Amino acid sequence: MNNYLPLGKFSFGLGDRFGHQGRAQLRACILAAELGADFVPVWNKSNREHLFIGTEPSSLRAEADAAVKALGWKQAYHVDADHIRLETVDRFIAPSDFFTIDVADSIGKPASAADAQAFAERHPELIGTISIPNISHPFAITRAEVERVANLFLLAPQDAGKIYQHIAKAKGAERFITEISMDETNSPQTPPELLIILAAIADQKIPIQTIAPKFTGRFNKGVDYAGNVKQFEKEFNEDLAIIAFAIQKYGLPPSLKLSVHSGSDKFSIYEPMRRALKKFDAGVHLKTAGTTWLEELIGLAEAGGDGLEIAKEIYAYAMDHVDEFCAPYASVIDIDKTKLPGAAVVSGWSSNQFVSALRHDPTNPAFNLNFRQLLHVSFKVAAKMGRRYLDALDKHETVVAKNVTENLFERHMKPLLLGE
Ligand SMILES: [Zn+2]
């Protein structure tokens, strides 16, 4: 296996669309560390987000460096080129040291028949009855099954290999962390499929440290997990067992772990995840992004006055463009339009009414997850406001930052590692 930059056991993906909350986010890591939960902060921004907002990848590096300097953070931190591909990676290479190679598009596209057969030849250990420690029932995998899965999944590791080599050549293999993401596909990968995929990744000599499979259930943006929590827990446990097994079997980096592209706010699965991580003594990478943009809005609304006005204006504009804003996110939002309050109603709301509808507190009867999801996908309105939005963030920095920090620390980091 090639050299690589090692990633710490627990790491936390922080997305910050407008580049103003780096310090508030890092403060959450400091609070968690004080309680014994050490998260490596990883600032992530996808190519798509950079295009929407009109930012360069170097701006994320500048933000991370500035936050680390301002708060005197002495531990590791990273900058993640999130969901990149060969066509988009180049401008990320210098400023990033974590690359999330997105191979979702290659999944399901048939590999060459010769490659699938050669893969099955090379991996006799995948055929037959395979007992994995900590999985109660052994898997029975036939050669035909290995070829079928290879046919569906071989192209993805092959593509990842090309992208990995491209980055390694330009940057030096020892200077970055590699993640492979397959989450933006329609069907979840089963644990035996994950094993076969990891074998294929090892064949490509990619020192992968995080892998983001598609899990069962819906990971809608900024709201709780929607699906069968028991089934998720079973799969998550089995995936951890598969990863531990694959590290041994294929010489993958010992730091290899699951990356959960959570869409933020997956409160109901943090507890099962915590149990499983403890059981396997495993690490995890939890990626969040849009939750911080929503906390900015909450902070502005809480500030009242011009802050509340901006929040209302963004909602009114979003209501005028519901279909347009929701279309690109169809697979990661579920909005019941009949439950969206009208813009005229919202324009009469107090700070408290706006905040209660938006803040992710499921125990608050005024919380409205339709309202929240629509605002989640409406960050482009704030991008269009430009200076006016950014100036409001600066003006109301204290209240905005407090919301950003509290949200990450209280609602994400604590339940994931420490329990409520
Ligand atoms: Zn993702």
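Start by selecting β2 and β3 in this predicted model: the two strands pair in the parallel sense, over five bridges. To find your place along the pairing, show the side chain of tryptophan 43, which stands opposite valine 79 in β3.

Now keep β2 (residues 40–46) and bring back everything around it. Is this strand enclosed or open? Seven of its seven residues are buried, so the rest of the structure largely encloses it. Try colouring its two faces separately. On one side you have Val40, Val42, Asn44 and Ser46, on the other Pro41, Trp43 and Lys45, and all of them are buried, so both faces are covered. Yes, that list includes Lys45.

Next, add β1 (residues 10–15), which runs parallel to β2 and is joined to it by five bridges. A handy marker here is serine 11, opposite valine 40 in β2. To see how the chain gets from one strand to the other, show helix α1 (residues 22–34): the path leaves β1, passes through α1 and arrives at β2, making a right-handed β-α-β crossover.

Time for the metal. Select the zinc ion; which residues coordinate it? Look for His83 through NE2, Asp183 through OD and His261 through ND1, at 1.9 to 2.3 Å. Along the chain, these donors follow the spacing H-x99-D-x77-H. Colour the two histidines by the strand they sit in: histidine 83 belongs to β3 (residues 78–84) and histidine 261 to β9 (residues 257–261), so this pair ties together parts that lie 178 residues apart in sequence. Switch on a surface and check the two of them: histidine 83 and histidine 261 are both buried.

Stay on histidine 83 for a moment, since its backbone deserves a look too. Its phi is near 55 degrees, which is a positive value in a residue other than glycine. The residue lies in strand β3, and its relative accessible area is 15%, under the 20% cut-off, so it counts as buried.

For the last stop, jump to aspartate 281, another non-glycine residue with a positive phi, here about 50 degrees. Where does it sit? Select the loop between α10 (267–280) and β10 (284–287), and you will find aspartate 281 there. Buried or exposed? With a relative accessible area of 57%, aspartate 281 is exposed, whereas histidine 83 is buried. Put both residues on screen to finish: one positive phi in a strand, the other in a loop.

Technical notes. Residues numbered from 1 in each chain as written. Predicted model: local features only at pLDDT ≥ 70, side-chain atom pairs only at ≥ 80, totals over all residues. Heavy atoms only, no water. Donors = N, O, S within 2.8 Å, 3.2 Å for Na, K, Ca; no water. Helix = DSSP H or I, 4+ residues; strand = E, 2+ residues; numbered from the N terminus. Buried < 20%, exposed > 50% of the residue type's maximum accessible area, 1.4 Å probe, protein only. Pairing = 2+ DSSP bridges. Right-handed = clockwise from strand over helix to strand, strands pointing away.
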